[in-house]
Every structure is written in C-alpha cells, then in structure tokens.
Amino acid sequence: MNLLVNGSVRSVESPPDKPLLWVLREDLGLTGTKYGCGIGRCGSCMVHLDGVAVPSCMLPLAAAEGLAVTTIEGVAAGGRITMVQQAWLDHGVSQCGYCQPGMIMGVLALLGESPRPSAAGAAARLNVLCRCGTYPRVLKALRALLGS
Ligand code: FES
Ligand code: FES
C-alpha cells in the first residue's frame, strides 16, 4: 500500500496488521520513532496521524491508509527546528534522549489544539514516560511555550 509519510508517498509491502511503528522503523528507515512498551502506555512511539498524536506501536498499518503520518523526522520544515525543539534545547530537557521524540510529538500535537492547554495541563496530558526523570525540565520548557 501507499503511505503518506512526512509529506511523501512511500510504497510499503508489509502485512496490513503490522504495527505502524515497525513499518516506519524497519521498512522506511525512520528510526526516530522509538519502541518502549509495545502496549500503548509509554508514549515513546508517538507519531501524528492527520495532526493527532497516537502511539504507533498499537496501530496496524492499514489504519494509517489515507491519513498523513508525521514522524519526528518530518517536523522540522525547511530545515528549521520547531519551537518545541528549540525550547527543549534552551532548557536542556533531554538526558538519554530515548523518550524525547515521543515527548516532542506529543507536545507539538497539544500546541495545535485550540484553545491551547496551560503548561500544567499539557504536562498532565502528555502521557509519555521518561526513565531519566526529565519531568521538571519538561515543565520548564512547557512553561516557556505555553505560560503557566
Ligand atoms: S512503545 Fe508505544 S506506547 Fe510504548
Ligand atoms: S530522556 Fe531518557 S528516557 Fe527520557
């Protein structure tokens, strides 16, 4: 099937029930999207489907047909990083970095909402687990983006 990923149509030959996470990583080489729990709980595999953040580990390939898939590799339009990535750099959020693509995809989806949540509200809804415990810095970066 054809899959629209990061603005390009990509042809994939995987079975329709293969999780999108593994299609992205194994078939398309987009390894920015990470595997954590595999059961939809940790958020490290978060991508956008038509702008909505979803865990790709639980999503069969067939469910993405006809929708725009965006991964962390696709968010920096024209080579310019997003305001979320800049805030993450400014506040030194990342530690090992493993959860961060999912975290950033989650925040980008929240920024697209109207009305935007407060920083505390966004933090409460992020639902991305970080084993390094970067949460205090995540909250600082969210405050810079969203106010408190
Ligand atoms: S790997 Fe998908 S939510 Fe954890
Ligand atoms: S930065 Fe290491 S798991 Fe989150």
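Colleague: How many Å separate the centres of domain 1 and domain 2?

Modeller: This is a predicted model, and in it the two centres, taken over C-alpha atoms, are 20 Å apart. Domain 1 covers 2–74 and domain 2 covers 77–146.

Colleague: How many residues does each domain put into the contact?

Modeller: Domain 1 gives 15 residues and domain 2 gives 14 residues. Between them they bury about 1100 Å², with 67% of that on carbon and sulfur atoms.

Colleague: Which three residues of domain 1 supply more of its buried area than any other three?

Modeller: Met46, His48 and Ile72, which supply 42% of the area domain 1 buries against domain 2.

Colleague: How many salt bridges are there between the domains?

Modeller: Zero. There are three residue pairs in polar contact between domain 1 and domain 2.

Colleague: And how many salt bridges in the whole structure?

Modeller: Three. Lysine 18 meets glutamate 26 at 3.0 Å, N to O, and lysine 18 also meets aspartate 27 at 3.1 Å. The other joins glutamate 113 and arginine 125 at 2.6 Å.

Colleague: What does that last pair tie together?

Modeller: Glutamate 113 is in the loop between helix H3 (100–111) and helix H4 (119–126), and arginine 125 is in helix H4, so the pair ties together parts 12 residues apart in sequence. Glutamate 113 is partly exposed at 31% relative accessible area, and arginine 125 is partly exposed at 46%.

Colleague: Back to lysine 18. Buried or exposed?

Modeller: Lysine 18 is buried, at 17% relative accessible area. Glutamate 26 counts as exposed at 52%, while aspartate 27 is partly exposed at 34%.

Definitions and conventions: Residues numbered from 1 in each chain as written. Chains lettered and ligands numbered in written order. Predicted model: local features only at pLDDT ≥ 70, side-chain atom pairs only at ≥ 80, totals over all residues. Heavy atoms only, no water. Domains from an automatic or database assignment. Contact = heavy atoms within 4.5 Å. Buried area = accessible area lost by both parts, 1.4 Å probe. Salt bridge = Lys/Arg side-chain N within 4 Å of Asp/Glu carboxyl O. Polar contact = N/O pair within 3.5 Å; in protein donor to acceptor, adjacent residues only side chain to side chain. Buried < 20%, exposed > 50% of the residue type's maximum accessible area, 1.4 Å probe, protein only. Helix = DSSP H or I, 4+ residues; strand = E, 2+ residues; numbered from the N terminus.
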